[in-house]
Amino acid sequence: MLNRYGDIIFSGALAVIAIIYLGLSFNIPQNSAMPYGSDLLPKLAGAGLLVACIAVLIGATKRLVTGASKSAPAASPAAGVEGEEAESAAPPSDYRKVLYTFMLILLYVALWETIGFLIMTAIYLFFQFIVLSDRSERRYVVFAVTSIITTAAVYYVFVQVLSLTIPGGLLG
Amino acid sequence: MPSGLLEGASAVFSIEVLLLVTFGVLVGILFGASPGLTTSMGIALMLPITFGLPLVEGMALLLGLYIGGVSGGLITAILLNIPGTPASIATTFDGYPLARSGQPGKALGTGILFSFIGGIVSLIILVTVSPYLAKIAIKFGPVEYFAVSLFSLTLIAGLSGDSLRKGAVSALLGVLVTTVGAAPIDGVLRFTFGNHQLDGGLQLLPVLIGIYAITEVLKTAELKPDKLAEVVVGKLRGFGLSMKEFGSQTWNALRSSLIGTAIGVLPGLGAGVANIIAYSAARKQSKQPEKFGKGSLEGLVASESSNNAVSGGAMIPLLTMGIPGDAGTAILLAGLMIQGITPGPLMFSTSADIIYGIFIILLIANVVMIVMEFFGLRVFLKLLKIPKHILLPIIVVICTIGAFSTNNRMFDVWTILFFAAIGYALYKFKYPSAPFILGFILGPLLETNLRRGMMYTSGDFLPFLTRPASGLFMLLTVVSVAVIVWGKYKKRRQAPANRAG
């Protein structure tokens, strides 16, 4: 399960990053006129991160070893800013959709300058509607029309009304 | 001070501003009410729009969003038992049962009314207290600012999630990210690897959009939030409360509002915590605790007045010291900075008109909120039905344009994607994201003030601990870490006992 090894892998990876960062921070040139230079905070933060990652690693390893089932406390009040729903009866995670979504956005942005912002926006919207919806919710005509109308609306509002620039390669 | 009031007022009372506040509140309520859309996302979304707007108009939009967002959650909480935001979790405890027992109008009316009261009470406190705090904060030097920033960051790291260690990792990661680029004070290039796009460092706006908007889209791709079922509300006559019932709730409302305001002031705690604490406090002090959970007005009042009261409280550290207390105010800070304003104690003397403008906008926003929720309830319910798979891609498009328009370069758009991936990873491995953003924002403050402070004390760290104000905050930092760790330790010791038998 992701939970069991995930913590160890992720915090381990972060610890490695912290070490690399710390190492690199020794290369930061110092201005000898001041008691502490621009290397101070990176070193402190890097060291702190390393310590914190190790702390998480230790905790995760302990949990793994004692085999205690990690039942996540439901909606603990200290979840503060994030909206975390109780995961006990959650629907299955669809990681393919996540990947597709990410790739779609990546492609969308990458092709702005080549193909044109407006065209790509319409294309992106159409496919993203499809990816995010369930089979039962797919209405291709509605999606196509919405893509085009939204693209037009976005152009109008952002370029004409708000005078923001959009990436080059406009249609026409 | 009165002169600032007049200028502030005259700037605010224009059609554009009023329209924008209204629009902001509308969008805020929508984002607050929809599970799957967060207030932070809404504000982050609107930030690029404020580029093209003058100062007061931009603030009107953002503050409207902020106020609307905290309140909107009550709609779905009461009608569907789904809190639109964590701020309305406790509202489901009594709001939903009350609605189900055939009194949805009363539940909604009460929630809306006391949301307004909570907001106003905290606004009054904000307006009266902040000038005095600003006078104190003006005397703060870099040493004090370092201590306060450290305290804020520590608190947020410790309180934002279940794990102090993960919070610390998240916060430090955020600080790390800010070190990329030209260093403060001496401008040394750090961690740029020769890539000149990084010389200016990573921009706050794309990072925010990446973590708060795009990550949410990825989360939705992974787990579709529940579809909102059909709901019938019926007629809303008055607020559904009798005068007697209203009167009986005043003390509760006041206490809950004060709790909310105080929690708003503390960095790291937000409306999500306030509503639950206020609810518990109301139950403890109630003469009819057995009614809680079954549709008790007291519980509903406590929850909704406290969560809105957080808004005024959170503005206090933001305006008096420029230190945000949670992700929402962090984004507001970004909004102010976009307009070229760095909030802090000096604002109260040099730009008093802006401060008063903000106060007045907050007041208007609260009023618009209550009017809109009261009259526009049915409209909201219709709007909430727009499917996420349509809404979110549109949001992505808006976000990418927004990121591009920060500096008119593609680099910022790639930044969004990079941080969306980071945000998603943080979420997947259960690291809280608020400390990351606060680390990102407070990082430069911490560094600049640490180094300036050190120059001031000629390289000696001791004054950081011995000067009264900074010493106090350093002490508070240590104490709060100890309290948090002890609290977790206690919880862990209880857990095996609970599992036994």
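Start by selecting helix α3 (95-110) of chain A together with helix α9 (residues 204-222) of chain B. In this predicted model, the two helices pack at an angle of about 145°, and their axes lie 7 Å apart. Turn the view until one helix sits in front of the other: the crossing of α3(A) and α9(B) is right-handed.

Now show the side chains where α3(A) and α9(B) touch. From α3(A), pick Y95(A), K97(A), V98(A), T101(A), F102(A) and I105(A). From α9(B), pick I214(B), V217(B), L218(B), A221(B) and E222(B). Colour this set by type and you'll get eight nonpolar residues, one polar and two charged.

**Next stop: another helix pair**

Keep chain A in view and move on to α5 (117-132). Its partner here is helix α18 (residues 388-407) of chain B. The angle between α5(A) and α18(B) is about 145°, with the axes 8 Å apart, and this crossing is right-handed.

Which residues make the contact between α5(A) and α18(B)? On the α5(A) side, select F117(A), T121(A), Y124(A), L125(A), Q128(A), F129(A) and L132(A). On the α18(B) side, go for H389(B), I390(B), L392(B), P393(B), I394(B), V396(B), V397(B) and I401(B). Sort them by type: 12 are nonpolar, three are polar and none is charged.

**Zoom out to the whole interface**

Time to select everything in contact between the two chains. You should pick up 78 residues from chain A and 75 residues from chain B. About 6900 Å² is buried between chain A and chain B, and carbon and sulfur atoms give 75% of that area.

There are also polar touches to look for: seven residue pairs are in polar contact between the chains, with both residues at pLDDT 80 or more. Stay on the chain A side and light up the helices that give two or more residues to it: α1 (2-25), α2 (40-66), α3 (95-110), α4 (112-115), α5 (117-132) and α6 (140-161). Which of them gives the most? That's α2(A), with 13 residues. Taken as a whole, the side of chain A that touches chain B has 48 nonpolar residues, 21 polar and nine charged.

**Last stop: salt bridges**

How many salt bridges cross between chain A and chain B? Just one. Select D7(A) and K166(B) to see their side chains meet, 3.0 Å from N to O.

Over all chains, the structure has 10 salt bridges. For one within chain B, select K106(B) and E245(B), whose side chains meet at 2.6 Å, N to O. This pair links distant parts of the chain, 139 residues apart. K106(B) sits in helix α6 (residues 104-138) of chain B, while E245(B) belongs to helix α10 (residues 243-248) of chain B.

Methods. Residues are numbered from 1 along each chain as its sequence is written. Chains are lettered from A and ligands numbered from 1 in the order in which they are written. This is a predicted model: local features need pLDDT of at least 70, side-chain atom pairs count only at pLDDT 80 or more; totals for chains, interfaces and linings use all residues. Side-chain values use heavy atoms; hydrogens and water are left out. Contact means heavy atoms within 4.5 Å. Buried area is the accessible area (1.4 Å probe) that two parts lose on being put together, summed over both. A salt bridge is a side-chain nitrogen of Lys or Arg within 4 Å of a carboxyl oxygen of Asp or Glu. A polar contact is a pair of N or O atoms within 3.5 Å; within protein, one must be able to donate a hydrogen and the other to accept it, and residues adjacent in sequence count only if both atoms are side-chain atoms. Helices (H or I, at least four residues) and strands (E, at least two) are DSSP runs, numbered from the N terminus. Ala, Val, Leu, Ile, Met, Phe, Trp, Tyr, Cys and Pro count as nonpolar, Asp, Glu, Lys and Arg as charged, and the others, Gly among them, as polar. Axes are lines fitted to C-alpha atoms, for helices over the stretch in contact, and angles run from 0 to 180 degrees between N-to-C directions. A crossing is left-handed if the near helix is turned anticlockwise from the far one by less than a right angle, and right-handed if clockwise.
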